[in-house]
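Visitor: Before we begin, I would like each term tied to the rule behind it. Could you take me through the reasoning step by step?

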Amino acid sequence: MTTVRKIHASEILDSRGKPTVLVTMELSNGLRTNAAVPSGASTGVHEALELRDRDPKRYHGQGVLKAVANVNKIIAKKIIGLPTGRQEKLDRAMIALDGTKNKSQLGANAILGVSMAYARASARAENLPLYRHLGGEHARVLPMPMMNVLNGGKHADNGVDFQEYMIVPGGAKVFREALRWGSEVFQCLKSLLKQKGLSTGVGDEGGFAPVMKSNREPLEFLIKAIEDAGFKPGKEVAIALDPASSEFFSNGAYRLAAERRTLGVGKFIDYYETLAKQFHIISIEDGLAEDDWEGWRLMTEQMGKKTQLIGDDIFVTNIERLRLGIERKVANAVLIKLNQIGTVTETLETIALAKQAGYGVVISHRSGETEDTFIADLAVAAGCGQIKTGSVSRSERIAKYNRLLGIEEELGSRAKFAGFGMVRTCGK
Ligand code: PGA
Ligand code: ZN
């Protein structure tokens with residue numbers, strides 16, 4: 001029997017240069033693994049709590065030494081000696097030890113670091129790749145990437161209200177082709193922006209962040225870039241949006257600063273519908289705000305048959321909130337972020353409920369990432385066929401794509417890729 005021999009947390013930096021938690025685990029057979037925790041910027045108010053020190057003398061209060069100490073001094077005591085392969089037991093023990101609803105006592109960052117490191121350690125102990133350990137023998141669907149090539153909102157300072165404009169190369173037959181298509185469109189987009197004298201500096205998730213006149217203009221650029229790269233918009237490469245609209249929702253309305261106008265929910269849904277038709281938009285995430293349940297219901301009724309509507313801030317990978325959504329006919333897909341809920345077990349439970357209800361599942365990175373590639377394996381394990389892990393630049397994003405290339409190669413002829421086939425709408 002292999003057991004946990006040592007566990008050690010450290011403070012490291014994420015892709016924005018902000019502190020985050022790294023957990024290293026050593027097993028009784030000498031094997032060592034580690035895991036690093038991601039961090040969001042447009043975080044939903046219902047997410048599990050990311051514990052930060054609030055010590056103004058270090059990292060402007062953003063240090064994570066308290067979370068680190070919670071792992072080293074409190075959680076470690078509980079799990080040293082635990083055999084590998086008992087993920088649920090470990091995660092439930094940490095949830096009980098924390099004792100709060102949102103993991104605010106120990107910190108979701110502390111708990112998740114341990115949970116991920118343990119999953120990896122358990123995989124190593126069984127001599128299995130992580131996707132196979134988490135997903136079993138049938139885990140072999142590579143996800144279609146939704147690549148965030150144009151950034152706005154909280155991830156850039158360019159006057160664009162919508163946070164993410166993504167290209168979706170779902171017409172490809174295999175993952176590596178999809179990745180190549182995405183990369184080629186990204187390069188064409190760069191040339192186009194240069195020609196127009198616009199900035200090609202990149203935002204937090206590696207997409208360009210040029211100053212634009214409206215929320216429509218990025219869509220015009222994307223269609224042109226898809227065509228320039230030699231692909232058919234909609235058929236081969238489609239478009240997806242994550243407006244992250246909780247960020248510009250106030251007093252019951254949506255304020256589009258880029259267009260100097262404020263829209264009520266009905267008008268805003270009509271606006272989306274027009275954009276979706278004109279620009280081959282197949283998927284919209286967080287089209288409406290995190291607590292605008294009635295708006296979400298209307299949007300799902302009006303657009304859900306044709307468009308995948310993904311709940312991120314509204315569901316926050318939380319099974320209770322997702323259950324409410326299913327009951328209220330809100331959205332038809334869920335975004336999955338490990339650190340929104342804080343354990344691997346709860347993440348897998350939320351995925352299972354979504355699949356059972358016929359909802360689409362999209363595994364996602366955070367805007368603050370590290371070189372950790374856990375989500376690549378999680379996407380294959382979940383067999384959900386969709387991943388959001390940024391643009392085709394910046395190593396913390398590319399690390400996930402490279403891991404997926406590795407998994408595809410390892411699976412060989414057993415690897416599957418469903419492309420647009422895994423995109424969910426209410427009719428499907
Ligand atoms: P975040 O953004 O990681 O900053 O929350 C990603 C998203 O909204 O999907
Ligand atoms: Zn989002």
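Visitor: Which residues are the closest of those that surround ligand 1, and how many surround it?

Guide: In this predicted model, ligand 1 is surrounded by 15 residues, and the closest are Ala41, His155, Arg366, Ser367 and Lys388.

Visitor: What makes the pair between Gln163 and an oxygen atom of ligand 1 a polar contact?

Guide: The cut-off for a pair of N or O atoms is 3.5 Å, and a polar side-chain atom of Gln163 lies 3.0 Å from an oxygen atom of ligand 1, so the pair counts as a polar contact. By that rule the pair with Glu285, at 3.1 Å from an oxygen atom of ligand 1, counts as well, and so does the pair with Lys337, where a side-chain N or O atom is 3.2 Å from a ligand oxygen atom.

Visitor: How much of the area of ligand 1 does the protein bury?

Guide: Ligand 1 taken alone exposes 280 Å², and the protein buries 100% of that. The space that ligand 1 takes is the second largest cavity.

Visitor: Why is that space called a cavity?

Guide: The term applies because a 1.4 Å probe fits at its points but cannot get out, with the protein atoms alone considered. Two cavities of 30 Å³ or more are counted, and the largest holds about 90 Å³ of space. Thirteen residues line that largest cavity, and Pro38, Met116, Leu338, Glu369 and Ile375 are the closest to its centre.

Technical notes. Residues numbered from 1 in each chain as written. Chains lettered and ligands numbered in written order. Predicted model: local features only at pLDDT ≥ 70, side-chain atom pairs only at ≥ 80, totals over all residues. Heavy atoms only, no water. Near = heavy atom within 4 Å. Polar contact = N/O pair within 3.5 Å; in protein donor to acceptor, adjacent residues only side chain to side chain. Areas by Shrake-Rupley, 256 points an atom, 1.4 Å probe, with all protein chains shown as cover. 1 Å grid on protein atoms, 1.4 Å probe; cavity = no way out; pocket = protein on both sides within 12 Å on 5 of 7 lines; lining within 4 Å. Sits in = over half its atoms within 2 Å of the grid points. Points joined across faces, edges and corners; volume = space filled by probe spheres on them.
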